[in-house]
Amino acid sequence: MTANSAAGNSHSVGCLEEAEETVEELRAALAGTGISLPSLRVDPVTVVREAPCPLVELGGCPVETAARLAAVLRGVAKP
């Protein structure tokens, strides 16, 4: 393993931890508004690549949940 690939792996671990923490923060924030996204998770396909950091997969949800999420976002959007 080269120094660059070792550094890349370290960066990936840090990014994965940050992504997982962000998912939990988002899950908690959504729960505070009564919204649940059942498929919310770190996208496993993007975890295995070196860069950029993993993506957060919001996943599918019922239309009612999407409408509630839109309403909440409209309420906090800055002009």
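Read from the N terminus, the elements of the protein chain follow the order α-β-α-β-α, which gives three helices and two strands. Keep in mind as you look around that this is a predicted model. Of the chain's 79 residues, 18% count as buried.

Let's start with helix α1, which covers residues 3–32 and includes glutamate 25. On the surface, Glu25 joins Glu17, Glu18, Glu20 and Glu21 in a patch of negative charge. Glutamate 25 has a relative accessibility of 55%, so this residue counts as exposed, the cut-off being over 50%.

Now to the charged pairs. Side chains of opposite charge can pair when their charged atoms come close. The structure holds two salt bridges, and you can visit them in turn.

One of them is in helix α1, where glutamate 24 and arginine 27 both lie. Their side chains meet in a salt bridge, with 2.6 Å from N to O. The two residues are three apart in the chain, about one turn of the helix. How exposed are these partners? Glutamate 24 counts as partly exposed because its relative accessibility is 46%, between the limits of 20% and 50%. Arginine 27 is partly exposed too, at a relative accessible area of 32%.

The other bridge brings the two strands into the picture. Here the side chains of arginine 41 and glutamate 57 meet, at 3.0 Å from N to O. This pair links distant parts of the chain: arginine 41 sits in strand β1 (residues 41–42) and glutamate 57 in strand β2 (residues 56–57), with their positions 16 residues apart in the numbering. Arginine 41 is partly exposed, with a relative accessible area of 40%, and glutamate 57 is also partly exposed, at 26%.

Our last stop is helix α2, made of residues 44–47, where you will find threonine 46. Is threonine 46 buried or exposed? Its relative accessible area is 5%, and because buried means under 20%, threonine 46 counts as buried. A polar atom of the threonine 46 side chain lies 2.9 Å from the backbone oxygen of aspartate 43.

To put the tour together, helix α1 carries glutamate 25, a member of the negative surface patch, and also holds the pair of glutamate 24 and arginine 27. Strands β1 and β2 supply the partners of the bridge between arginine 41 and glutamate 57, while helix α2 contributes threonine 46, a buried residue.

Methods: Residues numbered from 1 in each chain as written. Predicted model: local features only at pLDDT ≥ 70, side-chain atom pairs only at ≥ 80, totals over all residues. Heavy atoms only, no water. Patch = residues over 30% accessible without salt bridge, like charges linked within 9 Å, V, L, I, M, F, W, Y side chains within 5 Å. Areas by Shrake-Rupley, 256 points an atom, 1.4 Å probe, with all protein chains shown as cover. Salt bridge = Lys/Arg side-chain N within 4 Å of Asp/Glu carboxyl O. Lys, Arg positive; Asp, Glu negative; His and termini not counted. Charge placed at Lys NZ, Arg CZ, Asp CG, Glu CD. Helix = DSSP H or I, 4+ residues; strand = E, 2+ residues; numbered from the N terminus. Buried < 20%, exposed > 50% of the residue type's maximum accessible area, 1.4 Å probe, protein only. Polar contact = N/O pair within 3.5 Å; in protein donor to acceptor, adjacent residues only side chain to side chain.
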